[in-house]
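Me: I'd like to go through some of the labels used for this model. Could you tell me what stands behind each one?

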Amino acid sequence: YAGRWKPLKTAGWFPAIGDGAANNIGAGCVVKEKAALMIGTSGAMRVAFEGEIPRKIPAGLWCYRIDRKRVIIGGALSDGGGLYRWLKDNFRLNEDDDHTEEEIGKRQPDAHGLTFLPFLAGERSTGYHEAANGAVLGLKSATDTIDIVQAALEAVAYRFAEIFDQLNDVLKIREIIASGGALRASPVWTQIIADVLARDLSLPDTREASSRGAVLLALEMLGKIESIERQETPKGREFKFDKKRNLIYKKARERHRHFYELLCK
């Protein structure tokens with residue numbers, strides 16, 4: 001078969017691209033005003049754009065180059081979908097995900113009164129405390145498993161809010177595009193995040209945003225498309241934030257921040 005294969009030296013080679021950068025490109029988040037929020041096993045929120053690295057980067061974020069023209073800045077969470085799976089495994093909730101989602105959806109924001117610190121795998125952004133531990137504060141006899149799961153999902157949203165605030169110190173974000181298997185499997189969680197951030201979220205139909213992003217960048221380098229910025233992102237489900245729920249979450253987030261300062265710093 002040797003004669004049928006072209007020499008390897010004639011093949012097109014492309015430099016490796018980080019999964020986060022590829023995800024932003026695939027989600028259509030390649031301008032300063034648009035952020036990508038992803039939850040898989042872990043989680044991240046990032047902004048990619050064409051231009052120079054910002055002169056001042058908040059301590060809780062990171063920044064690197066995608067290519068010669070573009071940079072990406074953002075923050076990451078160690079606990080995302082992996083935390084949700086851990087809770088389901090240990091609380092024996094795996095057999096009926098729909099029931100869990102339905103029960104959380106029925107309950108009011110922060111009605112449980114719990115504070116959950118989602119650091120089972122340590123903390124990345126914004127404090128970068130690698131040895132941080134998780135905690136559940138405020139347990140009482142009336143607390144049930146759904147209360148704890150709900151508190152955990154809300155807590156991850158609070159951590160995203162910290163990243164969001166730091167990103168807005170550098171860039172003014174007007175639109176957020178969500179992606180990741182954990183959010184596709186949990187519309188309730190996606191809605192919680194929208195309510196906490198007080199921003200509408202869009203969850204496009206693109207199921208493999210990172211793969212799509214890597215392909216688009218390669219096509220641009222080959223000259224097959226003019227630019228990745230001009231590629232439309234498939235439309236998906238829209239999540240509108242609720243102002244009343246956001247007000248409740250603002251108070252709960254202050255409580256969360258208080259215990260974070262006490263236990264994680």
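Me: Why is N24 called buried or exposed, whichever applies?
Reply: Buried means under 20% relative accessible area, exposed over 50%, and partly exposed in between (1.4 Å probe, protein chains only). N24 comes out at 0% relative accessibility, so it counts as buried. Bear in mind that this is a predicted model: local features need pLDDT of at least 70, side-chain atom pairs count only at pLDDT 80 or more, and totals for chains, interfaces and linings use all residues. Residues are numbered from 1 along each chain as its sequence is written, and side-chain values use heavy atoms, with hydrogens and water left out.

Me: Which residues is N24 in contact with, leaving aside neighbours within four places in sequence?
Reply: Contact means heavy atoms within 4.5 Å, and on that basis N24 touches C29, V30, A36, R46, V47, A48 and I72. N24 itself sits in helix α1 (residues 19-26); helices are DSSP runs of H or I with at least four residues, strands are runs of E with at least two, and both are numbered from the N terminus.

Me: What makes strand β7 largely enclosed?
Reply: Four of the five residues in β7 (residues 175-179) are buried, so the rest of the structure largely encloses this strand.

Me: How do you know that β7 and strand β8 pair?
Reply: Pairing takes at least two bridges found by DSSP between two strands. β7 and β8 (residues 201-204) have two, in the parallel sense, with I177 opposite S202 in β8. Strand β1 (residues 34-39) also pairs with β7, parallel over five bridges.

Me: And why does M221 count as it does?
Reply: M221, in helix α7 (residues 209-222), has 49% relative accessibility, so it is partly exposed.
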